[in-house]
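Reader: I have a chain on screen and want to learn to read it. Could you take me through a few of its features?

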Amino acid sequence: MSSTTDRAGRAQIAERTLRTDRWWVPPLVTAVGLGLWVLYATVRAFMQLWYFVPQYNYLTPFYSPCVSTGCVEQAAHFGRFLPDWPILPYASLTLPFLLLFRLTCYYYRKAYYRSFWLSPPACAVAEPHRRYRGESRGLLLGQNLHRYFFYAAVLISLINTYDAFRAFVTADGSFGLGLGNIILLVNVVLLWAYTISCHSCRSIVGGRLNHFSRHPTRYKAWQFVSRLNTKHMQLAWTTLGTLALTDFYIMAVSAGWFSDLRIVG
Ligand code: FES
């Protein structure tokens, strides 16, 4: 190890890091996990196939709301008005906002800055970039829009909730319950947990108040959101998993790879 000191007396270390543990494992796992998920989601979003099970009204969240003229009528609860082009996912109305919501999420920012941009890849490991400007220039200024994407995510979660409940009504109008319903419901509950645990939600619920004592309801809500907020990273990953699982299950039933496990109806 060789070192000198700078003018402020700080050690200038030639080595990139003095860490001897396997610090590169978490960023590598994150990069692989996020990369695979993005690949799966992209393929599915553009597939325009196997997104709906008409007997049970199962609609995958990747195609909700289905607003393309290519959507089957039964799946299009909010109208069909976007052109049916191969380059246009059937849920083009909402997917960009969901993408932006996750892309600007405080947790994902840390995750992809570390794993893809290596800035820095881990604590006490020097980054390969010569200059650090934070999020103060160019496109990165857009990260500040996260709070507005949060509002969009709330609306989209409401639509996902509608889909989950709509799926309890089968094609003949009777009540039905299958494994697909349980998967859709668990997915939507976790999506709400992730959305509400958002840091922006925490400041919206508890911010701009001088005295919590004068706003007991908001204080309670803020406490609830704060507790969820401590699990934001776990919820970020869990919801990626449940979204992919929900989509895969509906794709498999729709394609006829296996049947839905029915409990009622
Ligand atoms: S901070 Fe992650 S969703 Fe808002």
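Author: Start with one residue. This is a predicted model. Trp24 sits in the loop between S2 and H1.

Reader: Is Trp24 buried, exposed or partly exposed?

Author: Partly exposed. Buried means under 20% relative accessible area, and exposed means over 50%. Trp24 has 43%, so it falls in between.

Reader: Which surface patch does Trp24 help to make?

Author: A nonpolar one of about 1100 Å². Its members include Trp24, Leu28, Val32, Leu36 and Leu39. Trp50, Phe248, Trp257 and Phe258 are also among them.

Reader: Which element gives the largest share of that patch?

Author: H1, with six residues.

Reader: Back to the loop. Which residue there should I compare with Trp24?

Author: Take Thr17. It lies in the loop between strand S2, residues 11-13, and helix H1, residues 25-47.

Reader: Is Thr17 buried or exposed?

Author: Buried. The cut-off is under 20%. Thr17 has 18% relative accessibility, so it counts as buried.

Reader: What does Thr17 touch beyond its neighbours within four places in sequence?

Author: Trp23, Ala124 and Val125. Look closely at Ala124. Its backbone oxygen lies 2.7 Å from a polar atom of the Thr17 side chain.

Reader: Now a helix. How does the reach of H8 relate to the span expected at 1.5 Å a residue?

Author: Take the distance from the first C-alpha to the last, and set it beside the expected span. H8 covers residues 232-255, which is 24 residues. It reaches 34 Å, close to the 34 Å expected.

Reader: What comes just after H8?

Author: Gly256, with a positive phi of about 85°.

Reader: Let me zoom out. How many helices and strands are in the chain?

Author: Eight helices and six strands. Along the sequence, the pattern is β-β-α-β-β-α-α-α-β-α-α-α-α-β.

Reader: What box do the C-alpha atoms fill?

Author: Roughly 80 × 50 × 35 Å, along the principal axes.

Reader: How do I read contacts across the whole chain?

Author: Check how far apart the partners are in sequence. Take contacts between residues at least 6 apart. Of these, 64% join residues at least 24 apart.

Reader: And burial and surface for the whole chain?

Author: The chain has 265 residues, and 40% of them count as buried. It exposes about 15300 Å². Carbon and sulfur atoms supply 65% of that area.

Notes. Residues numbered from 1 in each chain as written. Predicted model: local features only at pLDDT ≥ 70, side-chain atom pairs only at ≥ 80, totals over all residues. Heavy atoms only, no water. Helix = DSSP H or I, 4+ residues; strand = E, 2+ residues; numbered from the N terminus. Buried < 20%, exposed > 50% of the residue type's maximum accessible area, 1.4 Å probe, protein only. Polar contact = N/O pair within 3.5 Å; in protein donor to acceptor, adjacent residues only side chain to side chain. Contact = heavy atoms within 4.5 Å. Patch = residues over 30% accessible without salt bridge, like charges linked within 9 Å, V, L, I, M, F, W, Y side chains within 5 Å. Areas by Shrake-Rupley, 256 points an atom, 1.4 Å probe, with all protein chains shown as cover. Salt bridge = Lys/Arg side-chain N within 4 Å of Asp/Glu carboxyl O. Expected span 1.5 Å × (residues − 1).
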